[in-house]
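Here are a few exercises to work through with the model open beside you. Try each task before reading its solution.

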Amino acid sequence: MKYFDFLQKKHALDARLGFEKIDLQLLEAIAIAAHKDEPLSVTEAMVLRQLASPATIHRGLDRLLASGMVKHKNVEDNRTKRLFPTAMAKKYFRLLEKLL
């Protein structure tokens, strides 16, 4: 089945990147929100309880920021930081799209 072929290729790509599963789930949530022009704030990301505990999300967010897959910037009142996928993250999603 094509879907299982896709999953195998995606898992291989993800393994090469070296991210943990939570990192990729968090990256997807950040990218989807930004795609809908509703970028998540750091605080909003921290309470994505369906993904993990706030402490686990914090560590994943730190890894994504350090890796260059996600950036944050002040957009409203200089107190709220919004999360955005970087060009590197967009390249990752384009690679996934090609696997479909």
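**Exercise 1. Locate Asp 37 and describe its setting and backbone.**

Step 1: Asp 37 sits in the loop between H2 and H3, where helices are DSSP runs of H or I with at least four residues, strands are runs of E with at least two, and both are numbered from the N terminus. Step 2: Check the backbone: Asp 37 has a positive phi of about 60° although it is not a glycine. Step 3: Asp 37 counts as exposed because its relative accessible area is 67%; the classes are buried under 20%, exposed over 50% and partly exposed in between (1.4 Å probe, protein chains only).

A word on the source: this is a predicted model, in which local features need pLDDT of at least 70 and side-chain atom pairs count only at pLDDT 80 or more, while totals for chains, interfaces and linings use all residues. Residues are numbered from 1 along each chain as its sequence is written, and side-chain values use heavy atoms, with hydrogens and water left out.

**Exercise 2. Decide whether Ala 33 is buried or exposed, and find its separation from Leu 99.**

Step 1: Ala 33 belongs to helix H2. Step 2: Its relative accessibility is 8%, so Ala 33 is buried. Step 3: The C-alpha atoms of Ala 33 and Leu 99 are 22 Å apart, with these positions 66 residues apart along the chain counted as their separation.

**Exercise 3. Work out which elements build the largest nonpolar core.**

Step 1: A nonpolar core is a set of buried Ala, Val, Leu, Ile, Met, Phe, Trp, Tyr and Cys residues joined through side-chain atoms within 4.5 Å. Step 2: The largest one has 22 residues, and those touching the most other members include Leu 26, Ile 30 and Tyr 92. Step 3: Two or more residues each come from helix H2 (21–35), helix H3 (42–46), helix H4 (54–67) and H5. Step 4: H2 gives the most, six residues.

**Exercise 4. Find the residues of the positive surface patch and the elements that supply them.**

Step 1: Patch residues have over 30% relative accessible area and no salt bridge, and like charges are joined within 9 Å; a salt bridge is a side-chain nitrogen of Lys or Arg within 4 Å of a carboxyl oxygen of Asp or Glu. Step 2: The members are Lys 71, Lys 73, Lys 90, Lys 91, Arg 94 and Lys 98. Step 3: Strand E1 (70–74) and helix H5 (87–99) each supply at least two of them, and H5 has the largest share with four residues. Step 4: Lys 73 lies in strand E1 and is partly exposed because its relative accessibility is 40%.

Methods: Patches are made of residues with over 30% relative accessible area and no salt bridge: like charges are joined within 9 Å, nonpolar side chains (Val, Leu, Ile, Met, Phe, Trp, Tyr) within 5 Å. Accessible areas come from the Shrake-Rupley method with a 1.4 Å probe; for residues, only the protein chains shown count as cover. Lys and Arg count as positive and Asp and Glu as negative; His and the chain ends are not counted. The place of a charge is taken as NZ of Lys, CZ of Arg, CG of Asp or CD of Glu.
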